[in-house]
Amino acid sequence: MTHFIADSSSDHPVIAGLSVRYVPLIISTEEKSFTDNALLNVSEMLDNLASYKGRSYTACPSAGTWLSAFGNADTVYAVTITSGLSGSFNAAMAARELYLQTHPDAKIAVFDSLSTGPELLLILEKLKELTDQNLPFDRVVDAVREYQRKTRLFFALQSLHNLAQNGRVSKVAAAAVGMLGIRIVGTASPTGTLAQLAKCRGDRKAMREMLDLIRQAGYAGGKIRITHVENVNLAESFAGLIRENWPNADIAIAPSGGLCSYYAERGAILAAIETA
Ligand code: X90
């Protein structure tokens with residue numbers, strides 16, 4: 001039995017022909033906590049947080065949570081949010097050690113996405129493609145790691161408040177953004193942290209900037225997976241720009257789940273690409 005597992009930073013996508021178990025991260029205040037699964041009402045959560053005066057937090061899945069997701073599998077492919085910003089990868093690796101003590105013949109691969117959101121979707125889709133070919137475990141693992149060198153994440157954010165509040169970017173960087181109409185355009189760095197690349201006034205400029213960055217990164221009309229935090233219009237208009245430039249681009253758009261919505265904040269879009 002093979003299990004595919006990802007944490008909820010992946011936005012728990014539904015992938016035709018691939019059954020994936022999602023382990024949730026948790027978003028919480030002193031009063032309430034939100035489990036990031038497919039049942040979470042993201043809009044309600046964002047409203048709730050917007051009207052809440054105190055601090056909010058997130059927590060990654062524990063090793064125990066990862067371990068129970070392994071079930072009784074003999075093969076596990078697990079994908080996590082970046083280890084540069086979260087403990088999810090370390091927890092999954094700890095679960096792997098524990099599992100191997102009782103299942104010494106199990107094959108368990110944990111992939112550190114060094115990213116979040118739509119980049120996990122690209123990895124899951126690649127896992128489906130490779131395992132559909134019945135390749136042996138080691139070949140699948142090598143091919144996924146190779147693929148990861150060719151995928152990138154770019155994003156445009158309207159606020160860095162929650163990232164700064166939780167120590168994931170510097171307060172100095174965050175303070176410079178809060179201004180109305182300013183968009184931060186950035187990428188996941190090679191070590192899986194947030195790298196700010198440009199500050200743009202307005203969505204149009206931000207989308208032009210993202211388009212340039214994607215081209216420079218080597219996007220050549222392959223897969224692009226776009227997610228958005230309650231901003232389907234911006235996601236669609238970005239997809240339009242992509243199609244003008246690469247008419248055969250393989251594009252999919254989906255809303256962000258709870259974790260990415262919390263950190264990327266309302267209005268954001270994220271795009272994961274394959275480079276040539
Ligand atoms: O509590 C935890 O372990 C979760 C911490 C997650 C922190 C960062 C989540 C970022 C979500 C924000 C924009 C993209 C930044 C990507 C940098 C790799 C999305």
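In which handedness of crossing does H8 pass H9? The points below take up this matter along with the rest of the packing.

1. The model under review is predicted. To take the opening question directly, the crossing in which H8 passes H9 is right-handed. Helix H8 covers residues 203–216 and helix H9 covers residues 232–245; their axes come within 11 Å and cross at roughly 45 degrees. H8 and H9 are therefore oblique to each other, since this angle falls outside the ranges that count as roughly parallel (under 35 degrees), roughly perpendicular (65 to 115) and roughly antiparallel (over 145).

2. The residues that bring these two helices together can be listed. From H8 come Asp203, Met207, Arg208, Met210, Leu211, Ile214 and Arg215, and they meet Leu234, Phe238, Leu241, Ile242 and Asn245 in H9. Sorted by class, the contact of H8 with H9 comprises eight nonpolar residues, one polar residue and three charged ones.

3. A first sheet should be traced next. Four strands make up this open sheet, in the order S2-S1-S6-S7, and their pairing is parallel. Strand S2 (20–23) and strand S7 (107–112) stand at the edges; each has a single partner strand, so one side of each is left without a neighbour in the sheet. On average, and with direction ignored, neighbouring strands of this sheet are turned by 20 degrees against each other.

4. Within that sheet, strand S1 (residues 2–7) and strand S6 (residues 75–80) run parallel and are joined by five bridges. One position may serve as a landmark: Ala6 stands opposite Val79 in S6.

5. Helices also pack on this sheet. H3 touches S1, S6 and S7, and the direction of H3 makes about 170 degrees with that of S7. Helix H5 (residues 137–148) lies across S6 and S7, and runs at about 0 degrees to S7.

6. H3 has a helical partner as well. Helix H2 (residues 63–70) packs with helix H3 (residues 88–102) at an angle of about 55 degrees, the axes being 8 Å apart. That angle makes H2 oblique to H3. The crossing in which H2 passes H3 is right-handed. On the H2 side the contact is made by Ala63, Trp66, Leu67 and Phe70; on the H3 side it is made by Ser88, Ala91, Ala92, Ala94, Ala95, Arg96, Leu98 and Tyr99. By class, the contact of H2 with H3 has 10 nonpolar residues, one polar and one charged.

7. Two of the residues just named deserve separate notice. The structure holds five aromatic pairs, and one of them is formed by Phe70 and Tyr99, an edge-to-face pair with 5.4 Å centre to centre and 90 degrees between the planes. Phe70 lies in helix H2 and Tyr99 in helix H3, so the pair ties together parts that are 29 residues apart in sequence.

8. H5, already met on the sheet, is in contact with helix H4 (residues 118–132) too. The axes of H4 and H5 come within 10 Å and cross at roughly 145 degrees, and H4 passes H5 in a right-handed crossing. Leu122, Ile123, Lys126, Leu127, Leu130 and Thr131 of H4 make the contact with Val140, Ala143, Val144, Tyr147 and Gln148 of H5. The class count for the contact of H4 with H5 is eight nonpolar, two polar and one charged.

9. A further sheet is built from six strands. This sheet is open, follows the order S10-S9-S8-S13-S11-S12, and has mixed pairing. Strand S10 (194–201) and strand S12 (250–255) stand at its edges, each with a single partner strand, so one side of each is left without a neighbour in the sheet. Neighbouring strands of this sheet are turned against each other by 20 degrees on average, direction ignored.

10. Inside the six-stranded sheet, strand S8 (residues 151–157) and strand S13 (residues 269–275) pair over six bridges in the antiparallel sense. Here the landmark is Thr151, which stands opposite Glu274 in S13.

Conventions. Residues numbered from 1 in each chain as written. Predicted model: local features only at pLDDT ≥ 70, side-chain atom pairs only at ≥ 80, totals over all residues. Heavy atoms only, no water. Axes fitted to C-alpha atoms, helices over the stretch in contact; angles between N-to-C directions. Left-handed = near helix turned anticlockwise from the far one by under 90°. Contact = heavy atoms within 4.5 Å. Nonpolar A, V, L, I, M, F, W, Y, C, P; charged D, E, K, R; others polar. Pairing = 2+ DSSP bridges. Phe/Tyr/Trp six-rings, centres within 6.5 Å; stacked < 30°, edge-to-face > 60°.
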